[in-house]
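Trainee: I would like to go through the aromatic contacts and the overall build of this model. Where do we start?

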Amino acid sequence: MAEPGRVSAVLFDLDGTLVDTAPDLTFSLNELRRRRGLPPVAEEAARAQASHGSQGLIRLGFGVSEEDADFPGLRAEFLDIYTACMTERSGLFPEMAEVLDALEGRGIAWGVVTNKPRRLTEPLLGHLGLMARAGSVVSGDTCAHAKPHPQPVLHACAEMDLAPQGCLYVGDAERDVAAARAAGMPTLVAMWGYLGANDRPENWGAAGFIASPAGLLDWLDRAA
């Protein structure tokens with residue numbers, strides 16, 4: 001694991017890092033399948049695709065990709081279902097509430113950079129009481145480009161008036177690490193997140209790996 005530098009702010013991915021959204025995403029996928037007379041998929045299988053958003057889940061549930069003619073209709077219906085239920089089963093990962101409190105207590109700002117659309121991101125964070133606390137919330141459609149492009153990460157830094165080199169990104173997908181590294185920001189991989197069997201986080205170029213949210217505080221302690 002690389003030695004940490006002084007950290008002024010922590011940016012989190014949303015799905016699979018800050019918030020466990022898989023239960024509501026799985027419900028939405030299975031409701032879409034139920035309407036078509038199909039049996040449910042296991043939540044374990046859906047969790048491995050949850051970080052890939054509606055594209056990954058629809059690919060899992062129906063074997064279609066964005067290039068298929070059926071995809072737009074399936075995605076629109078999936079998002080309608082999810083919008084109606086997205087706060088029913090989702091919540092902060094264990095230890096995360098305490099970690100956010102600890103960051104604020106140390107005077108370390110935090111924010112969210114996600115590929116989730118704004119119309120889903122902000123209501124979810126608002127339901128959890130986090131919108132007013134976050135130093136920046138950047139959604140998938142806030143900027144012209146989404147992760148793995150560095151623009152959303154740089155946008156968050158600009159909103160917090162901080163240099164990327166003084167921030168830390170925590171995420172559970174390769175695109176998270178790629179976006180942060182391209183912005184000049186060190187990254188940690190959230191190993192509690194929605195990692196699939198084919199993911200190889202050791203090859204992503206992250207600064208380190210943390211097994212639980214509390215591991216972030218341990219990592220930061222080494223930077224103090």
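Mentor: Start with a definition: accessible areas come from the Shrake-Rupley method with a 1.4 Å probe. Note also that this is a predicted model.

Trainee: How much of the exposed area of the protein chain do carbon and sulfur atoms supply?

Mentor: The protein chain exposes about 9,700 Å². Of that area, carbon and sulfur atoms supply 50%.

Trainee: Which radius of gyration does the protein chain have, set against a compact globule?

Mentor: For 224 residues, a compact globule would have a value near 17 Å. The protein chain agrees with this, its radius of gyration being 17 Å.

Trainee: How many aromatic pairs does a search of the whole structure find, and is the pair of Phe78 and Tyr82 stacked or tilted?

Mentor: The search finds two aromatic pairs. In the pair of Phe78 and Tyr82 the ring centres are 6.3 Å apart and the planes are at 5 degrees. Planes under 30 degrees apart count as stacked, so Phe78 and Tyr82 are stacked.

Trainee: Which helix holds Phe78 and Tyr82?

Mentor: Both residues are buried. They are four residues apart, about one turn of the helix, and that helix is H4 (residues 71-85).

Trainee: How many residues apart in sequence are the parts that Phe93 and Tyr194 tie together?

Mentor: Phe93 and Tyr194 form a tilted pair, with 55 degrees between the planes, and both are buried. Phe93 lies in the loop between strand E3 and helix H5, and Tyr194 in the loop between strand E7 and strand E8. The pair therefore ties together parts whose separation in sequence is 101 residues.

Terms used. Residues numbered from 1 in each chain as written. Predicted model: local features only at pLDDT ≥ 70, side-chain atom pairs only at ≥ 80, totals over all residues. Heavy atoms only, no water. Phe/Tyr/Trp six-rings, centres within 6.5 Å; stacked < 30°, edge-to-face > 60°. Helix = DSSP H or I, 4+ residues; strand = E, 2+ residues; numbered from the N terminus. Buried < 20%, exposed > 50% of the residue type's maximum accessible area, 1.4 Å probe, protein only. Rg over C-alpha atoms; globule rule 2.2 N^0.38 Å.
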